[in-house]
Amino acid sequence: MNGKNIPGSIEVDKPVKVYVDHTLCKTIGACVQIAPELFKFTPGTKKAVAVMETVPPALLGQCKAAAEACPYNAITIIG
Ligand code: SF4
């Protein structure tokens, strides 16, 4: 258990999904900085949201880095 909502291993041939828990997000913005193609702020609340539900393989590294960087474990990756 890594303390983050990231599977230990991800099968690259399976679709990987990502979502942000708005009850945990504190608008720190690490995810938006690390992976701007995957996360953006919601206008008004400034909570982060995943731009796309299914993560393209080319962006998987960025997605994992963003989830690792989130200090509130608000990002969950399901692989
Ligand atoms: S890094 Fe975490 S707390 Fe910060 S905006 Fe992204 S999801 Fe929210």
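Two residues are in contact if their C-beta atoms, placed from the backbone, lie within 7 Å. Keep that in mind for the next number. In this chain, 69% of the contacts with a separation of 6 or more come from residues 24 or more positions apart. One caution before we go on: this is a predicted model.

Let's start with the overall layout. The chain has two helices and five strands. Reading from the N terminus, the order is β-α-β-β-β-α-β. The radius of gyration is 12 Å, and the globule rule gives close to that, 12 Å for 79 residues, so the chain is as compact as a globular protein of that length. Along the principal axes, the C-alpha atoms fill a box of roughly 35 × 25 × 15 Å. Of the 79 residues, 24% count as buried.

Now the sheet. Three strands form an open sheet, in the order β4-β1-β5, with antiparallel pairing. β4 and β5 are the edge strands, each pairing on one side only. β1 and β4 are joined by two bridges. On that side, K17 stands opposite T54 in β4. Between β1 and β5 there are four bridges, and these two strands also run antiparallel. There, Y19 stands opposite T76 in β5.

Look at the faces of these strands. In β1, V16, V18 and V20 make up the covered face. K17 and Y19 make up the uncovered one. β5 alternates along its length. I75 and I77 point to one face and are buried. T76 and I78 point to the other and are not buried.

Next, helix α2, residues 60–69. Which of its residues are buried? They are C63, K64, A66 and A67. Note the lysine in that list, K64. Seen down the axis of α2, the buried residues fall within an arc of 160°, so they line one face of the helix. The general background is simple. An α-helix has 3.6 residues a turn, so residues three or four places apart point the same way. And what do the buried residues of α2 pack against? The partners are β1 (16–20), α1 (30–34), β2 (39–41), β4 (54–55) and β5 (75–78). So the list takes in the other helix, α1, along with strands.

On to the ligand. How many residues surround it? The count is 13, and the closest are C25, I28, C31, A48 and C70. By class, the shell has 10 nonpolar, two polar and one charged residues.

Take C31 from that group. C31 sits in helix α1. Is C31 buried or exposed? C31 is buried, because 28 other C-beta atoms lie within 10 Å, and 20 or more is the cut-off. Leaving out residues up to four places away in sequence, C31 touches F39, A48, A66, A69, C70 and I75. A66 is a name we have met, as one of the buried residues of α2. I75 we have met too, on the buried face of β5. C31 and C70 are 39 residues apart along the chain, yet their C-alpha atoms are separated by 6.6 Å.

A48 brings us to another pair. K26 lies in the loop between β1 and α1. K26 and A48 are 22 residues apart in sequence, and 8.6 Å apart in space, C-alpha to C-alpha. K26 is exposed, with 12 other C-beta atoms within 10 Å.

Last topic: backbone angles. Most residues other than glycine have a negative phi. Two residues here go the other way. K46 has a positive phi of about 60°, although K46 is not a glycine. You will find K46 in the loop between β2 and β3 (48–50). K46 is exposed, with 12 other C-beta atoms within 10 Å. The other one is N73, with a positive phi near 50°. N73 is found in the loop between α2 and β5. N73 is partly exposed, with 15 other C-beta atoms within 10 Å.

To sum up, briefly. There is an open sheet with the order β4-β1-β5. The buried residues of α2 line one face of that helix. And 13 residues surround the ligand, with C31 among the closest. That's the tour. Thanks.

Technical notes. Residues are numbered from 1 along each chain as its sequence is written. This is a predicted model: local features need pLDDT of at least 70, side-chain atom pairs count only at pLDDT 80 or more; totals for chains, interfaces and linings use all residues. The radius of gyration is taken over C-alpha atoms; the globule rule is 2.2 Å times the number of residues to the power 0.38. A residue is near a molecule or strand if its C-beta atom, placed from the backbone, lies within 6 Å of it. Ala, Val, Leu, Ile, Met, Phe, Trp, Tyr, Cys and Pro count as nonpolar, Asp, Glu, Lys and Arg as charged, and the others, Gly among them, as polar. The arc is that of the directions from the helix axis to the C-beta atoms. Two strands pair if DSSP finds at least two bridges between them.
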